[in-house]
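Please look through the model shown here before reading on. The explanation goes from the whole chain to single residues.

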Amino acid sequence: MELDSGNGGTVLVARHNAELFGLKPDEEGPQSGNVRVTDNVAVGSNHIFTPDMIMDGNLGMPFLHEWIITVDLRTGQAWIVPNDDAGPAPSPVLPASGD
């Protein structure tokens, strides 16, 4: 999964992975659900899309707002802890319909 701070309001799960996360791969519009990242880390959203894409998915601001992520590039390790100071989530920025 790509971490994307520029993705303002959606969670993307590649169509080839949709069923792994309990999503419908051929659904054209947004879906609701919880995408489990690890045993203790998930992102819930009403704006999950399942496009045909090469990467496994894209975790944008709905995820990054709720979690603090530290990545050690040298060792390939990562740590994810809750962001207790997150406050209310910002309003999602969604793709315009009909474009």
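The paragraphs below cover the overall fold, the nonpolar core and then four single residues.

This is a predicted model, in which local features need pLDDT of at least 70 and side-chain atom pairs count only at pLDDT 80 or more, while totals for chains, interfaces and linings use all residues. Residues are numbered from 1 along each chain as its sequence is written, and side-chain values use heavy atoms, with hydrogens and water left out.

The protein contains 1 helix and 7 strands. Here helices (H or I, at least four residues) and strands (E, at least two) are DSSP runs, numbered from the N terminus. Along the sequence the elements follow the order β-β-β-β-β-α-β-β. The C-alpha trace spans about 40 × 30 × 20 Å along its principal axes. A compact globule of 99 residues would have a radius of gyration near 13 Å, and the 14 Å of this protein agrees with that. This radius is taken over C-alpha atoms, and the globule rule is 2.2 Å times the number of residues to the power 0.38.

Contacts (heavy atoms within 4.5 Å) show how the chain folds back on itself. Of those with a separation of 6 or more, 53% are between residues 24 or more positions apart. As for burial, 28% of the 99 residues count as buried. Buried means under 20% relative accessible area, exposed means over 50%, and partly exposed lies in between (1.4 Å probe, protein chains only).

The exposed surface of the protein comes to about 6,500 Å², and carbon and sulfur atoms supply 50% of it. Accessible areas come from the Shrake-Rupley method with a 1.4 Å probe; for residues, only the protein chains shown count as cover. There are 4 positive and 14 negative side chains, and the centres of the two sets lie 6 Å apart. In this count Lys and Arg are positive and Asp and Glu negative, with His and the chain ends not counted. Each charge is placed at NZ of Lys, CZ of Arg, CG of Asp or CD of Glu.

Which residues make up the largest nonpolar core? It has 11 residues: Val-11, Val-13, Ala-18, Leu-23, Val-35, Val-41, Val-43, Ile-48, Leu-59, Phe-63 and Trp-67. Two elements, β2 (11-13) and β4 (41-49), give two or more residues to this core, and β4 gives the most, with 3. A nonpolar core is a set of buried Ala, Val, Leu, Ile, Met, Phe, Trp, Tyr and Cys residues joined through side-chain atoms within 4.5 Å. Beyond four places in sequence, the contacts of Val-13 include the core residues Ala-18, Leu-23, Val-35 and Ile-48. Val-13 also touches Met-1, Phe-21, Phe-49, Thr-50, Pro-51, Asp-56 and Gly-57.

Ala-14 is found in the loop between β2 and β3. Is this residue buried or exposed? Ala-14 is buried, with a relative accessible area of 0%. Not counting residues up to four places away in sequence, Ala-14 touches Pro-51, Met-53, Met-55, Asp-56 and Gly-57. Met-55 is 41 residues from Ala-14 in sequence, with 6.8 Å between their C-alpha atoms.

Arg-36 is part of strand β3 (residues 31-38). With a relative accessibility of 53%, Arg-36 counts as exposed. Outside its neighbours within four places in sequence, Arg-36 is in contact with Phe-21, Val-41 and Ala-42, and its C-alpha atom is 7.2 Å from that of Phe-21.

Thr-70 lies in strand β6 (residues 67-72) and is partly exposed, at 44% relative accessible area. Its contacts beyond four places in sequence are Gln-77, Ala-78 and Trp-79.

Asp-84 is in the segment after β7 (77-82). Its relative accessibility is 72%, so Asp-84 counts as exposed. The C-alpha atoms of Asp-84 and Glu-66 are separated by 7.9 Å, with these positions 18 residues apart along the chain.
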